[in-house]
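Welcome to a short tour, with your viewer as the vehicle. Please open the structure and keep the selection tool at hand.

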Amino acid sequence: MFVLIFAGGVLLAHYYLWRRLVRGTTGPGRLRVSLTLALVLLLAVLMGTFIGSRLGLESWIAWAGYVWLAVMFYLVIILAVLEIPRAVVGGGAAQEGFGTSARCGA
């Protein structure tokens, strides 16, 4: 049961990171596809690390999984804290059409 809850949390964290770091910063194209594949690969490494350790298999890939787990945790915490000012400042500006050509003159 713990593994399912953990896997769900990790999937949600990766989706959140993808939305904020990949989808929110890149346009459609090769870069977005490459970054998405890299994030999926890191998710697979992390899941492989935990599945391997639960089965008693020690792997050379475990160090990468645990390092990514720490980096992912810190990224989620930092981005979640930054959501507060983003919602206050960015949310109002986006609703008013700040920076669009309709507002800038004409």
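Helices here are DSSP runs of H or I with at least four residues, and strands are runs of E with at least two, numbered from the N terminus. On that basis, this predicted model has three helices and zero strands. Colour the protein by secondary structure and trace the chain: the pattern reads α-α-α.

**The whole chain**

Now show the surface of the protein. The accessible area is about 7800 Å², and carbon and sulfur atoms hold 74% of that. Of the 106 residues, 20% are buried. Turn on contacts next: among those with a separation of 6 or more, 57% join residues 24 or more positions apart.

**Stop one: the loop after helix H1**

Select Thr26, in the loop that links helix H1 (2-23) to helix H2 (30-54). Is Thr26 buried or exposed? Its relative accessible area is 12%, so Thr26 counts as buried, the cut-off being under 20%. Add Val22 to the view: its backbone oxygen sits 2.6 Å from a polar atom of the Thr26 side chain. Then bring in Leu31, Arg32 and Leu35, which Thr26 contacts beyond its neighbours within four places in sequence.

**Stop two: a patch on the surface**

Move on to helix H3 (residues 62-96) and pick Val81 there. Val81 is exposed because its relative accessibility is 52%, and the cut-off is over 50%. Extend the selection to Phe73, Tyr74, Ile77, Ile78 and Leu82: with Val81, these residues form a nonpolar surface patch whose accessible area together is about 610 Å².

Technical notes
Residues are numbered from 1 along each chain as its sequence is written. This is a predicted model: local features need pLDDT of at least 70, side-chain atom pairs count only at pLDDT 80 or more; totals for chains, interfaces and linings use all residues. Side-chain values use heavy atoms; hydrogens and water are left out. Buried means under 20% relative accessible area, exposed over 50%, partly exposed in between (1.4 Å probe, protein chains only). Contact means heavy atoms within 4.5 Å. Accessible areas come from the Shrake-Rupley method with a 1.4 Å probe; for residues, only the protein chains shown count as cover. Patches are made of residues with over 30% relative accessible area and no salt bridge: like charges are joined within 9 Å, nonpolar side chains (Val, Leu, Ile, Met, Phe, Trp, Tyr) within 5 Å. A salt bridge is a side-chain nitrogen of Lys or Arg within 4 Å of a carboxyl oxygen of Asp or Glu. A polar contact is a pair of N or O atoms within 3.5 Å; within protein, one must be able to donate a hydrogen and the other to accept it, and residues adjacent in sequence count only if both atoms are side-chain atoms.
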